[in-house]
Amino acid sequence: VTVAASAVPPSAAAEFWSGLLAGAVQKTVKELALHPLDTAKARLQAPVAAGWTGGARRAVLGELFKSPYDGLAPALISGAPAASAFFAVKD
């Protein structure tokens, strides 16, 4: 009697390691896609010496999307391990 490969459940270790990898990949892709938008939002909300028109002034001067990936490394360093651990132990 032959057993189909899909009928054999994966081992706990394989599920754990695949969860770690899935979490790290998920967080990395998410940060790469959404970090520029978060950076622009933070720059619009940041107060400047000019008063409440600071966000509009930054948009007009082109500073809004300047260096959109500033701060990406800390977000990945802190977020990828947490997402990996979550995915590894969620089931």
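## Exercises on a three-helix chain

**Exercise 1. Work out whether the length of helix 3 fits its number of residues.**

Step 1: Helix 3 has 18 residues, and at 1.5 Å a residue they should span 26 Å.
Step 2: In the model, which is a predicted one, the end C-alpha atoms of helix 3 are 26 Å apart.
Step 3: Put the two side by side and they agree.

**Exercise 2. Find where helix 3 bends, and look for a proline that follows.**

Step 1: Follow helix 3, which covers residues 72-89, until you reach G79.
Step 2: At G79 the helix bends by about 30 degrees.
Step 3: Now read on a little: a proline, P81, follows within four residues.

**Exercise 3. List the buried residues of helix 3 and name an element that helps cover them.**

Step 1: Remember that a residue is buried when its relative accessible area is under 20%.
Step 2: Going along helix 3, the buried residues are L72, A75, G79, A80, A83, S84 and A88. So the bend residue from Exercise 2, G79, is in this list too.
Step 3: For the cover, look across to helix 1, which is included in what covers these residues.

**Exercise 4. Describe the chain as a whole: which elements does it have, and in what pattern?**

Step 1: Count the elements, and you get 3 helices and 0 strands.
Step 2: Read along the sequence, they give the pattern α-α-α.
Step 3: Turn to burial: of the 91 residues in the chain, 23% are buried.
Step 4: Check the surface, which comes to about 6,500 Å² of accessible area, with 69% belonging to carbon and sulfur atoms.
Step 5: Finally, take the contacts between residues at least 6 apart in sequence; 74% of these join residues at least 24 apart.

**Exercise 5. Track down the salt bridge in this structure and say where its two partners sit.**

Step 1: Start with the idea behind it: side chains of opposite charge can pair when their charged atoms come close.
Step 2: A search of the whole structure finds 1 salt bridge. The partners are K27 and E31, and their closest N and O atoms are 3.2 Å apart.
Step 3: Place them: K27 and E31 are 4 residues apart in helix 1 (residues 12-45), so about one helical turn separates them.
Step 4: Recall the geometry that goes with this. An α-helix has 3.6 residues a turn, so residues three or four places apart point the same way.
Step 5: Ask about exposure. K27 counts as buried because its relative accessibility is 14%, and E31 is buried as well, at 11%.

**Exercise 6. Which residues does E31 touch, leaving out those up to four places away in sequence?**

Step 1: Find E31 in helix 1.
Step 2: Its contacts are P36, L72, A75 and L76.
Step 3: Compare with Exercise 3: L72 and A75 are among the buried residues of helix 3.

**Exercise 7. Pick out the nonpolar patch on the surface and give its accessible area.**

Step 1: The patch is formed by F16, W17 and V89.
Step 2: Together these residues have about 350 Å² of accessible area.
Step 3: Zoom in on V89, which lies in helix 3. V89 counts as exposed because its relative accessibility is 59%, and the cut-off for exposed is over 50%.

**Exercise 8. How far apart in space are S18 and F87, and A85 and G23?**

Step 1: S18 is in helix 1 and is partly exposed, at 44%.
Step 2: S18 and F87 are 69 residues apart in sequence, yet C-alpha to C-alpha they are 8.6 Å apart.
Step 3: Next, A85 belongs to helix 3 and is partly exposed, with a relative accessible area of 38%.
Step 4: A85 and G23 are 62 residues apart along the chain, and 7.3 Å separates their C-alpha atoms.

**Exercise 9. Look at K66 and S67: which loop holds them, and what is special about the phi of S67?**

Step 1: K66 is in the loop between helix 2 (54-61) and helix 3, and S67 is in the loop between helix 2 and helix 3.
Step 2: K66 counts as exposed, since its relative accessibility is 57%, whereas S67 is partly exposed at 38%.
Step 3: S67 has a positive phi of about 55 degrees, although it is not a glycine.
Step 4: K66 and A40 are 26 residues apart in sequence, with 8.8 Å between their C-alpha atoms.

Note on methods. Residues are numbered from 1 along each chain as its sequence is written. This is a predicted model: local features need pLDDT of at least 70, side-chain atom pairs count only at pLDDT 80 or more; totals for chains, interfaces and linings use all residues. Side-chain values use heavy atoms; hydrogens and water are left out. Buried means under 20% relative accessible area, exposed over 50%, partly exposed in between (1.4 Å probe, protein chains only). Contact means heavy atoms within 4.5 Å. Accessible areas come from the Shrake-Rupley method with a 1.4 Å probe; for residues, only the protein chains shown count as cover. A salt bridge is a side-chain nitrogen of Lys or Arg within 4 Å of a carboxyl oxygen of Asp or Glu. Patches are made of residues with over 30% relative accessible area and no salt bridge: like charges are joined within 9 Å, nonpolar side chains (Val, Leu, Ile, Met, Phe, Trp, Tyr) within 5 Å. The expected span of a helix is 1.5 Å times one less than its number of residues. The bend at a residue is the angle between axes fitted to the seven residues ending there and the seven starting there.
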